[in-house]
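This report walks through a model of two chains. Keep the sequence and the coordinates open while reading.

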Amino acid sequence: MRLIDADVHNAFADIKAELRPFLPRLWQEFADRHGIAVPPAGYVSPVGVQREDARPPSGGLAGSDPGHLIKDHMERHGVDYAILTGSHILGASVHFDPDWGTALAAAYNMNLAGRWLDRSERFRGSIIISHSDPQAAALEIERCAADKRFVQVLMAAGSNRLFGQRFFHPIYEAASAHGLPVAIHPGTEGAGTADTPTPAGRPTRYFEWHNIVPINAMAHVNSLVCEGVFEKFPRLRFVAVECGIAWLPHLMWRMDKNYKGLRAQVPWLKRLPSEYIRQHVRLTTQPTEEPENPAHLLQIFEMIGSPEVLMFSSDYPHWDFDNPAAALPALPKEWKERIFWRNAAELYGLGPVTSGR
Amino acid sequence: MKRHPVAQASELPPGGRKLVRVGAIEVGLFNVGGEIRAYRNVCPHAGAPVCLGRVSGTSMPSRVYEYLYGMEGCVLRCPWHGWEFDLRTGQHIVDAGNRLKAVPVEKGDLEGFPLEQSEGTVYVLLPG
């Protein structure tokens, strides 16, 4: 069976050496004096973030050596395509200086094309943008979209505004004009300009923070539907990467129920909110919830009501990696095909692998 | 079906409403743009006294961030959960599966209660 991994973290071997050549002169000077870093969320995993066993023989961070990533992950698990989601870069969106964030994101994309996408046809890139300057982000999408190896736009899930709001629409306009999905990935909640990881306050430790990551995705998906983003940009697809699964039926039911009474505030919605979600929203599977009774997870899938919503992801090489051979309960054939490759193949326009390179 | 006199037409000018009781059955009478409509005072959703809800217009289907106010005087909003019903048809505005409770009619008016207005008297037709 084909296999597409929708969340693989390529890392920098040397962030400054890799990004500096692609920065404008002014920002090179800044990087020389102050280094390159994105704002940290501040939560420290007691088991580390990078898998101990995934460190390349050359040393350096797990995921920083393209050849080793192919061997250690893709060949080992039979992954046809890896959708690269980066590492230590999403925080470009939450820098206090949006121009620095925009410059960093662009440098990342240029480095990605040369260092990773040129290396293997089985790597597909995400155009990293800084969402705190949507006009500049739209220009970056325009610049990268000509390179078809970039298959989606990716931005930090941490934000001080909900993503459905009109402030962000230039991003969706540019992405949907090029048929690119827009994805979010956690890790920046509470970092830099982003609001607290929960509206009720800051979790104390990484464990507590990691548990509650989905609350942020729920808020953004809710906002995208209610603000009419999918009516305004009917081609747009939105991917919540690594944000969990089981909350989705709850949100759909709550939205549909309220729609019957409160619809007058959102007269641009022409269908039940859950219908927009099924058509436009995609979730990646990792970290898959593991209920005591695996059948309960299948019931959640049924409640979502469409086999087209979920896409397998491993999160390689992070500590909470999902092994494609073990992560999900036994699935009906159609669901299995759809989750492990067909949904991603359709979303990202990926045919069967034709070359081993 | 039995004819029950429940109101004088003069009590129901356009936009008017009257709640009446026939035996144990509560019925809301509405004059919607000159036409009299009557519905059981029970919301199909959760049993609320729907006919006590506010009558107004509502925001019509529109483009994103545009507001078109319409159906003035034709929308009955249930007081419990805000469901909007089109008083002309009894239909929930966005949920075709829900409508205000109607009774079979004598003269082909499938939408509201069977109503007759004769000599200024409004009748509803109810079993028994």
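## The core around I141(A)

The model is predicted. Start with I141(A). Leaving aside residues up to four places away in sequence, I141(A) touches I127(A), I129(A), V153(A), A174(A), A175(A), H178(A) and L180(A). A second, separate core has 22 residues, among them F30(B), V75(B), W83(B) and L100(B).

Which residues touch the most other members of the largest nonpolar core? They are L104(A), I141(A), V153(A) and I171(A), out of 102 residues in that core. Helix α4 (residues 98-117) of chain A gives this core its largest share, eight residues.

## Chain A as a whole

Chain A holds 13 helices and eight strands. Its radius of gyration is 19 Å, close to the 21 Å from the globule rule for 357 residues, so chain A is as compact as a globular protein of that length. The C-alpha trace of chain A spans about 55 × 45 × 40 Å along its principal axes.

How much of chain A is buried? Buried residues account for 49% of its 357 residues. Contacts also reach far along the sequence. Take the contacts in chain A between residues at least 6 apart in sequence: 80% of them join residues at least 24 apart.

## Helix α10 of chain A

Helix α10(A) covers residues 247-262. Does its length agree or disagree with the expected rise? At 1.5 Å a residue, its 16 residues should span 22 Å, and the end C-alpha atoms are 22 Å apart, which agrees.

Four residues of this helix carry the burial listed here: L248(A), L251(A), M252(A) and M255(A) are buried in α10(A). They cover an arc of only 100° around the axis, which puts them on the same side of α10(A). The general rule is that an α-helix has 3.6 residues a turn, so residues three or four places apart point the same way. What do the buried residues of α10(A) pack against? Their partners in chain A are α8 (214-226), α11 (273-280), β7 (281-284) and α12 (294-304).

## Backbone details in chain A

Two peptide bonds before proline are cis. One runs from Q286(A) to P287(A), with omega near -5°. P287(A) sits in the loop between β7 and α12 of chain A. Another runs from Y316(A) to P317(A), with omega near 0°. P317(A) sits in the loop between β8 (310-311) and α13 (333-348) of chain A.

Positive phi values come next. H88(A) has phi near 55°, a positive value in a residue other than glycine. The loop between β2 (81-84) and α4 of chain A contains H88(A). H88(A) is partly exposed, because 17 other C-beta atoms lie within 10 Å. E242(A) has phi near 60°, again positive in a residue other than glycine. E242(A) lies in the loop between β6 (238-240) and α10 of chain A. Is E242(A) buried or exposed? E242(A) counts as buried, because it has 27 C-beta neighbours inside 10 Å.

## The loop at D147(A)

D147(A) belongs to the loop between α5 (134-145) and β4 (150-156) of chain A. With 13 other C-beta atoms within 10 Å, D147(A) is partly exposed. How far apart in space are D147(A) and T204(A)? C-alpha to C-alpha they are 42 Å apart, with their positions 57 residues apart in sequence.

## Chain B

Chain B has zero helices and nine strands. Its pattern along the sequence is β-β-β-β-β-β-β-β-β. Of the 128 residues in chain B, buried residues make up 27%. Among contacts in chain B between residues at least 6 apart in sequence, 44% join residues at least 24 apart.

## Where the chains meet

How many residues does each chain bring to the contact? Chain B brings 15 residues and chain A twelve residues. On the side of chain B that touches chain A, strand β5 (residues 54-60) of chain B supplies the largest share, three residues. By type, the residues on that side of chain B are six nonpolar, six polar and three charged.

Methods. Residues numbered from 1 in each chain as written. Chains lettered and ligands numbered in written order. Predicted model: local features only at pLDDT ≥ 70, side-chain atom pairs only at ≥ 80, totals over all residues. Helix = DSSP H or I, 4+ residues; strand = E, 2+ residues; numbered from the N terminus. Expected span 1.5 Å × (residues − 1). Buried ≥ 20, exposed ≤ 12 C-beta atoms within 10 Å, placed from the backbone. Arc of directions from axis to C-beta. Contact = placed C-beta atoms within 7 Å. Nonpolar A, V, L, I, M, F, W, Y, C, P; charged D, E, K, R; others polar. Core = buried A, V, L, I, M, F, W, Y, C linked by C-beta atoms within 7 Å. Rg over C-alpha atoms; globule rule 2.2 N^0.38 Å.
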